[in-house]
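Reader: I would like to look closely at one part of this model, namely the charged side chains that pair up and the place where the two chains meet. Please go slowly and explain the terms as they come up.

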There are 2 protein chains.
Amino acid sequence: MAAPETIDLLVVGAAELATPTGVRPRGGAELGAIQVVARGALAIHAGRILAVGAEPELVQRFKALRVLDARGGTLVPGFVDAHTHPVFAGTREEEFELRTRGQTYLEIAQAGGGILSSVRGVRAATREQLLELLLLRLERFLALGTTTIEAKSGYGLTLEDELKCLEVIAEANRRQVVECVPTFLGAHDVPAEYKGQRAAYVELVCEEMLPRVAERGLARYCDAFTEAHTFDLADTRRLFARARELGLGLRMHADQLTDLGGAELAAELGAASADHLEHVSPRGIQALARAGVVPVLCPVVPLFLRQEREAPARRMIEAGLAPALSTDFNPGSCYLQSMPEALAWGALRYRLSAAECLTAGTLNAACSLGRGHELGTLESGKRADVIVLDHPNHKHLVYELGRNAVRAVIARGRVVVVNGPSERGPRDA
Amino acid sequence: MAAPETIDLLVVGAAELATPTGVRPRGGAELGAIQVVARGALAIHAGRILAVGAEPELVQRFKALRVLDARGGTLVPGFVDAHTHPVFAGTREEEFELRTRGQTYLEIAQAGGGILSSVRGVRAATREQLLELLLLRLERFLALGTTTIEAKSGYGLTLEDELKCLEVIAEANRRQVVECVPTFLGAHDVPAEYKGQRAAYVELVCEEMLPRVAERGLARYCDAFTEAHTFDLADTRRLFARARELGLGLRMHADQLTDLGGAELAAELGAASADHLEHVSPRGIQALARAGVVPVLCPVVPLFLRQEREAPARRMIEAGLAPALSTDFNPGSCYLQSMPEALAWGALRYRLSAAECLTAGTLNAACSLGRGHELGTLESGKRADVIVLDHPNHKHLVYELGRNAVRAVIARGRVVVVNGPSERGPRDA
């Protein structure tokens, strides 16, 4: 028998290891086809997963410098949150109360609240202030088990302020372990100084912002809020043509508040993702399916905004689509950083199984960010982003609400978070 | 100037202190009339609140053995969860998945799942196992800021097993700081061995269980699941007459699944609370208002069960009622221990303001348990159950979802929980 190989980290003591598999988005009947290993263990070395398997086998095969005891918990891949707006200064709890009293999202926006109120906050903030706030939020993401986020700009809306936001995201990537995939969202809204001059603002985004963003390598994707009150299909077509020309991938806020045909356009242009989709038409679903676009669904947003219409997730899955689930973390329409919470509401509102939610919050989300070869599953060769959940099995991930059950987080092969209060004592089983 | 008085604990550094006031339930327009003190501080001694006021004044007046720095957070009273079923063994995530696939609560119950599956679990568990599980759950309640719960039996349904559950609650009260107000719920369901013999089971509850429970002082309240498929109004009337005779207060699962007239009966019998009330009629609301019964509302339950009908909370408030908000923590219809989450969904689904939710989750809940003179507000003389929230103001309590923002918990005057990950760094403001 060969002498045991010495590795950095061995994760043992889990009741279950649950993971999707592969490097491509899983849709249709495949969405819930995860791998579940009872008493599964993980061998980790040099930041990578070296082996996944039954605990006795791995214990025999490897000698580890560090052993992490999962204490009867469940191992899943680190969450990938494919739609967040994490660079802002100032929260918007007042708007939340206005909605409680009956005002709508659009009424608040038209009165100068909404996105434009966050734009005022970001413009007034220094780079250092924005960085400090972003780092705090990344720490919270990590404590909730999220190891990768898509991070949008979009509260600057001038060349200078959009660059400031993207530079802050780049700096955060250098400072901590949560990977931020940067998206330029200059077309988030028309800023106040361009009121009534949308075409001129689109021109500014296309001819000044996009080239500078691309030239400096500050974004991997370009996004647009394609909606009746912001940018129409023609605007989006122009923006996205320019973005593609400059080498950026495409994501789109599509059919969130009205059925504008955003999904069809996202499909036509080969976008990586079409996001929200509460009002997507059957034709839009078919178009997304044919083009292999990942729908990024945000189940808590309509609840937070008190809007009745929810994304037709099951119809999308029946059409073969491979949805991602996301928080849409932002200060206006969803002040939520927790992927477990997003997954649970995906189960509750869309009738997704726990396994389907897990795939949607890891592999599919990673694929929508072009990172499926590297992230989103627990398989040998992938980056070792792993969570230990204080749950006896993966079904608890959506069954239990409102508690942070993330007991430990491994990011890039290192144990970076160990949450306290539930470390001792017996376990629900 | 007098020399400063020496006290146990001073809480300083808060951005805000927010609390309802008084010792009686606050309803109607009074529900949201909380007291908000900017930079409020607290002086605590011998387990009691000694003074509440502006920080400079308290710092000058008192010399403290320990100072807790709230670091820009918000101080609120410890949460009081007025409706929980915390004594069970075995979780029911499989039923959650069955509902995802379209089965209803009643279909699952009629197939031997539901309450009766937890009854099998409790009967098979030893006292020690149940205690260990309850202590773990109480630790989680505390970490989420809940310092008092109402704790029901009701998964035993034999004399012996109901006593076992109530004894476990009594033992938990001796072992840790979360106060458990015990409620006897022998009339939770008709157990399998009495199938088709409901009258005989009611007889058993009235003539054997209730007298023993009362004689041993194991419960302060008696509850009944008054519903079309369990106990009707006549059963409930008989049970509650006996309970009152034996000195127990009354709580009732009323009008949750159908409008059976439970609210009217709760009012007629002078119950302390009528709980759920999704199907309460206008007449039921009027009856509760006239009798001063506290409606205990559980906003997450219909969402968790995927039932459309929600309690008409605003109509109750307009009628002058003083609602409490609760988790209904239990393994079948709401696997949720977090009061912040219950309050947020109260805001989202019932259109309650943050201030209204705070009163409903503290003072009104305490009053429904007969503990309004002692708990539920931050006022001098009350027991020092206090939470430090990682929030710049109380409005964030309902605005932010999915993160445990409880930074520290003071129970009976002692700092018992300090949650880790957000201790450092700047704050959202």
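Author: R212(A) and E215(A) form a salt bridge in which the closest N and O atoms are 3.9 Å apart, the term standing for a side-chain nitrogen of Lys or Arg within 4 Å of a carboxyl oxygen of Asp or Glu. Keep in mind that this is a predicted model, with local features needing pLDDT of at least 70 and side-chain atom pairs pLDDT 80 or more, while totals for chains, interfaces and linings use all residues. Residues are numbered from 1 along each chain, chains are lettered from A in the order written, and side-chain values use heavy atoms without hydrogens or water.

The two partners sit 3 residues apart in helix α7 (residues 198-215) of chain A, which means that about one helical turn separates them; helices (H or I, at least four residues) and strands (E, at least two) are DSSP runs numbered from the N terminus. An α-helix has 3.6 residues a turn, so residues three or four places apart point the same way. R212(A) is partly exposed, at 32% relative accessible area, whereas E215(A), at 61%, counts as exposed; buried means under 20%, exposed over 50%, and partly exposed lies in between (1.4 Å probe, protein chains only).

A search of the whole structure finds 66 salt bridges over all chains, and another of them may be set beside this pair. R92(A) and E95(A) are joined with their closest N and O atoms 3.1 Å apart, but here R92(A) is buried at 6% relative accessible area, and E95(A) is buried too, at 8%.

We can now turn to pairs that reach from one chain to the other. The side chains of R140(B) and D390(A) meet in a salt bridge of 3.1 Å, N to O. Because R140(B) belongs to helix α5 of chain B, while D390(A) lies in the loop between β16 (386-389) and α16 of chain A, this pair joins two chains. Both R140(B) and D390(A) are buried. Salt bridges with shared partners also tie R140(A), D390(B), E400(B), R403(B) and R407(B) into one network. Within that network, D390(B) pairs with R140(A), and their closest N and O atoms are 3.2 Å apart.

Across the interface of chain B and chain A the rule finds 4 salt bridges in total. On the side of chain B that touches chain A, at least two residues each come from α2 (93-100), α5 (127-143), α11 (300-305), α13 (339-350) and α16 (396-399) of chain B. Of these, α5(B) gives the most, with 7 residues.

How many residues does each chain bring into contact with the other? In chain B there are 54, and they are in contact with 54 residues of chain A, where contact means heavy atoms within 4.5 Å. Chain B and chain A bury about 5100 Å² between them, 55% of it on carbon and sulfur atoms; this is the accessible area (1.4 Å probe) that two parts lose on being put together, summed over both.

One helix of this interface deserves a slower look. In α2(B), 6 of the 8 residues are buried, so this helix is largely enclosed by the rest of the structure. The buried residues are E93(B), E95(B), F96(B), E97(B), R99(B) and T100(B). Their cover comes from both chains, since it includes α13, α14 (354-360) and α16 (396-399) of chain A, together with α3 (105-110), α4 (115-124) and α11 of chain B. Just after α2(B), the chain passes G102(B), which takes a positive phi of about 115°.

Two residues that are not glycines also have a positive phi, and their surroundings can be described side by side. L157(A), with a phi of about 65°, is placed in the loop between β9 and α6 of chain A, and is buried at a relative accessible area of 1%. R39(B), with a phi of about 50°, is placed in the loop between β3 (35-38) and β4 (40-45) of chain B, and counts as partly exposed at 48%.

To return to the main thread, the buried pair R140(B) and D390(A) and the enclosed helix α2(B) are good places to begin when you turn the model on the screen.
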